[in-house]
Amino acid sequence: MITLINPYNNHPVVEKKEGYEDDTGEFFPRSEGVVRFVKESNYADNFGFQWNKFQKTQIDRVHKNLSHSRDRFFTVSGWDKDSLKGLDVLEVGSGAGRFSQVILDYTEANLYSLDYSDAVAANYRNNGHHSDRFHLFQASIYEMPFKNDSFDKVFCFGVLQHTPDFKKSVQCLIEKAKPGGEIVVDFYAVKGWWSKISAKYILRPITKRMSHKRLLRIIERNAGWMIKCSSFFQKIGIGKVANRFLPICDIEGTIPPGLSKENLKELVILDTFDMFSPEHDHPQRVEQVAEWFKEFNVEVTYAGLVSYAGGFKIAAVRGIKK
Ligand SMILES: C[S@@+](CC[C@H](N)C(=O)[O-])C[C@H]1O[C@@H](n2cnc3c(N)ncnc32)[C@H](O)[C@@H]1O
């Protein structure tokens, strides 16, 4: 059983009718099904907007024959679904809940999940029916409402590059694992100096300052011709270089094949918004992340690229807390 605390003073909190309260009277309200441990809007508001708009786009359960998130979760974590039975698992940065869904639908783990943004409202609508094993909070990786040394497993997928201090974020994740517990992260990797020479990093200083609605409108208007352009470049063999300078997400590298034209366009709009809107985008070298794991007393069991779902690749580090 996980004890919930006030993340700002570490006092235990108790459940009240409309939220949680500590012994000093500080109260954390429940809204749209989720207890909120953050007080105001923050740098992750773009994600709240994005995941409430695209609540179902990446949820495997909603799409026939889609197992992209399930493949990524089990391959990157290396966890076996039966062995998670009864364990306390912490998910940090859950977005609309594509991985929450996988854990809740395919394992019997107790899932504690949080996100800094209002994406938690979308996750609750997607997965709130698993109320016996699902505990969802709006909170920051830097101020989590749990005691240290609590969880059997901790994972954080696709999030660390979007936090202001990658190293500190890794440390906070490790703090929440029990000694002997396992931590797994995946993230955007830097491969070399050329990693940041692309339309994404050239345009982001402008796009991240735009209103979310305006940015989304521009992407929606232009997605159609850019998808055609990207597939043309791919067909004539110059996709690897030319598509770096097309202001659209990496279709080849991230979008599952076999989608209808409509689904493809929706996913491309989501992923393109996800690449241009975040306040923070700080990719890291895999070796550096593995070094930080060791510095925080974790035995690294894997560090490198993981291939999943028939050829997609993501950088990941796994380890066991000593
Ligand atoms: C690219 S999304 C990934 C969401 C989900 N893991 C997925 O792969 O679909 C990054 C998420 O990290 C969350 N995030 C950013 N900073 C955070 C922080 N300090 N604490 C917790 N979550 C954070 C954002 O709100 C956003 O939902």
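**Exercise 1. In which loop is Trp193 found?**

Solution. Trp193 sits in the loop between β9 (177–187) and α6. Strands such as β9 are DSSP runs of E with at least two residues, helices are runs of H or I with at least four, and both are numbered from the N terminus.

A word on the model before we go on: it is predicted, so local features need pLDDT of at least 70 and side-chain atom pairs pLDDT 80 or more, while totals for chains, interfaces and linings use all residues. Residues are numbered from 1 along each chain as its sequence is written, and side-chain values use heavy atoms, leaving out hydrogens and water.

**Exercise 2. Decide whether Trp193 is buried or exposed.**

Solution. Start with the cut-offs: buried is under 20% relative accessible area, exposed is over 50%, and partly exposed is in between (1.4 Å probe, protein chains only). Trp193 has 69% relative accessibility, so Trp193 counts as exposed.

**Exercise 3. Find which residues come nearest to the ligand, and look at the polar contacts.**

Solution. Step one: the ligand has 22 residues around it (a heavy atom within 4 Å). Tyr43, Gly93, Arg98, Asp115 and Phe157 come nearest.

Step two: look for polar contacts, pairs of N or O atoms within 3.5 Å; within protein, one must be able to donate a hydrogen and the other to accept it, and residues adjacent in sequence count only if both atoms are side-chain atoms. A polar side-chain atom of Tyr43 lies 2.7 Å from a ligand nitrogen. For Phe157, a backbone N or O atom is 2.8 Å from a ligand nitrogen.
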